[in-house]
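Here are my notes on the model, set out as numbered points. Please read them alongside the sequence and the coordinates.

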Amino acid sequence: MNNDSKSAEDNAVSGKLLIMGARANHSVIGVFRPQRWRLVALDAATLQPITATWRYKGQDTSVTAKSFIDTDPYARLLVSAGAAQLTLNPLNIIGNFPAFCALTSESSLHAWGWAENGGELPSDIAKLKDVTQISASMAAFAVRRATGQVMAWGSPDNPSSLVPPDIAALRDIVAVYGGAYVFVALQASGHIVAWGLDETGGRLPDYIAQRSDFVSAMGSEFAFAALSRSGKVFAWGDSRFGGKIPDDIRPLTDVVQLASSGYTLALRRSNGHIACWGNPAYATIPPEIDELDDIIDLVGNSSAYAARRRNGQVVGWGLLADATPPREIANLTDIVHLTCTSGAFIALRTTGQIVAWGQGATVILPPEVAQLTDVVAISTNHDAAVALRSNGKAVAWGDPELGGDSSGISHLLVNVRAVYSGTNTFAALLSDNRVIAWGDPHKGGTGEQKTLYRRIAYEGHPDI
């Protein structure tokens, strides 16, 4: 399968337009792994990639390509190819360490998993009918309402589950971002507010709280970072793990992407260069990578980073030797997406094949995964992964206790449109509007969520 082919045959829509892939598959794996997630357009009759036009609802700009990097998962996404058109719903399934939460088509919520850590809805939140966004911290969930308000619930030991009164009173929240123990909310004015564990970002420094030009934020386990409209990055939280911007990074005005590992924060610039800061043992970029000017994506796991280059190659570095991809992977020039578990990196090729390196149970691909040539998306959790095939089947591998063995439910994992993850679990959203969860049953891996049947959908009405 070649996603880069531009032939007229590829671009012809012989059947219904089919979009696959998770919108911002939120991986909560001990520390947070903010990533850019890839959606793919297929001809539903041939299951071959086709060129489509992708545009967020309410925006004028669009992208024409066979795949799309979803940078705004909380907006409706309009996709068209020829006369075929569809609308993808915003991110509507999210996991934290012990539970899942789903946003229904009626703008209400359904949660399951470990009750006291978010798996059971408080009565006031269960009554909501105007939820527009769901977000997660380590053991809590937060929601944004159509009124511009935020609410949260979850573990009493995780202070992000308690919204302070002054923030709860706000009516202009436009986005919510989760860290391990902190939530940050973006206001329509460009200001940000935060709540949670003070030392990991729950208390904003005055110079950050006073700014009114923020456009996004990203949380890790020990710190938070935010991007301004001018392309500057700001950080706060534990200075040992990225909460303080170094002097050589502070003046930058061309930052376009943020990433984190367990001990550091990192960024990608519009000129293709990257930078990293935090724990010195992990933050030093090898010279041969530091000089690159063609990096287009950056991913961090618990102790390392990997980057995808414009030429389709990948590079990696970290404290351990196996953070560097082996020669047979480093020499590839057809990598189209990069993701990770806690210790491994997993990459998707234009051929529909998967390669992996690093540490953990997902590094060794079982034969039924290694032989695949039709993979269009990869989802990961702490130490397991799922390959989504163009035929709608999903195949898992890795630690079986974390969802790495899907053989017992393989008959249910058909017509899958997207797979989402918690730390030890997965949840598949099917084309018939069913949700199938597996993995650790104490944390939400309990099979079909019958309460959600026909109440949740990958696609929405085009007029919404």
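**Notes on selected strands and ring pairs**

1. In strand β11, Cys101 is the bridge partner of Ile94. The model is a predicted one. Ile94 belongs to the pairing of β10 (residues 93–95) with β11, an antiparallel arrangement held by three bridges. These two strands make a hairpin, with three residues between them.

2. β11 also pairs with β12 (residues 109–113), again in the antiparallel sense, over five bridges. Within β12, Gly113 is the residue opposite Ala99. The hairpin of β11 and β12 has five residues between its strands, and one of the points to check there is Ser107, with a positive phi near 65 degrees.

3. How many residues of β11 are buried? Five of the five in this strand (residues 99–103) are buried, so the strand is described as mostly covered. Ala99, Cys101 and Leu103 point to one side of β11, Phe100 and Ala102 point the other way, and all of them are buried. The bridge partner of Ile94, Cys101, is thus named among the buried residues that share a direction with Ala99 and Leu103.

4. The search for aromatic pairs, run over the whole structure, returns 13. In one of them, the ring centres of Phe222 and Phe241 are 4.3 Å apart and the planes meet at 25 degrees, so the pair counts as stacked. Stacking requires planes under 30 degrees apart.

5. Where do Phe222 and Phe241 lie? Phe222 is in the loop between β19 (214–219) and β20 (223–228), and Phe241 is in the loop between β21 (233–237) and β22 (255–260), so their pairing ties together parts that are 19 residues apart in sequence. Phe222 is partly exposed, with a relative accessible area of 23%, whereas Phe241 counts as buried at 14% relative accessibility. The cut-off for buried is under 20%.

6. A second stacked pair is that of Tyr305 and Trp317: the ring centres are 5.3 Å apart and the planes are at 25 degrees. Tyr305 sits in strand β26 (residues 304–309) and Trp317 in strand β27 (residues 314–318), so that the pair links distant parts of the chain, twelve residues apart. Both Tyr305 and Trp317 are buried.

7. Which residues are linked into a cluster by ring pairs? The cluster consists of Phe222, Phe241, Tyr263 and Tyr282. Phe222 and Phe241, the stacked pair of point 4, are thus members of this cluster.

8. β25, β26 and β27 form an open sheet of three strands in that order, with antiparallel pairing. β25 (295–300) and β27 are the edge strands, each pairing on one side only. From one strand to the next, the twist averages 20 degrees. Between β26 and β27 there are five bridges, and the two run antiparallel. Arg308 stands opposite Val314 of β27.

9. Is Asp334 buried or exposed? Asp334, in the loop between α7 (327–330) and β28 (335–340), has a relative accessibility of 14% and therefore counts as buried. With neighbours within four places in sequence left aside, the contacts of Asp334 are Gly312, Leu348, Arg349, Thr350 and Thr351.

Note on methods
Residues are numbered from 1 along each chain as its sequence is written. This is a predicted model: local features need pLDDT of at least 70, side-chain atom pairs count only at pLDDT 80 or more; totals for chains, interfaces and linings use all residues. Side-chain values use heavy atoms; hydrogens and water are left out. Buried means under 20% relative accessible area, exposed over 50%, partly exposed in between (1.4 Å probe, protein chains only). Helices (H or I, at least four residues) and strands (E, at least two) are DSSP runs, numbered from the N terminus. Two strands pair if DSSP finds at least two bridges between them. Rings of Phe, Tyr and Trp (its six-membered ring) pair if their centres lie within 6.5 Å; planes under 30 degrees apart count as stacked, over 60 as edge-to-face and the rest as tilted. Axes are lines fitted to C-alpha atoms, for helices over the stretch in contact, and angles run from 0 to 180 degrees between N-to-C directions. Contact means heavy atoms within 4.5 Å.
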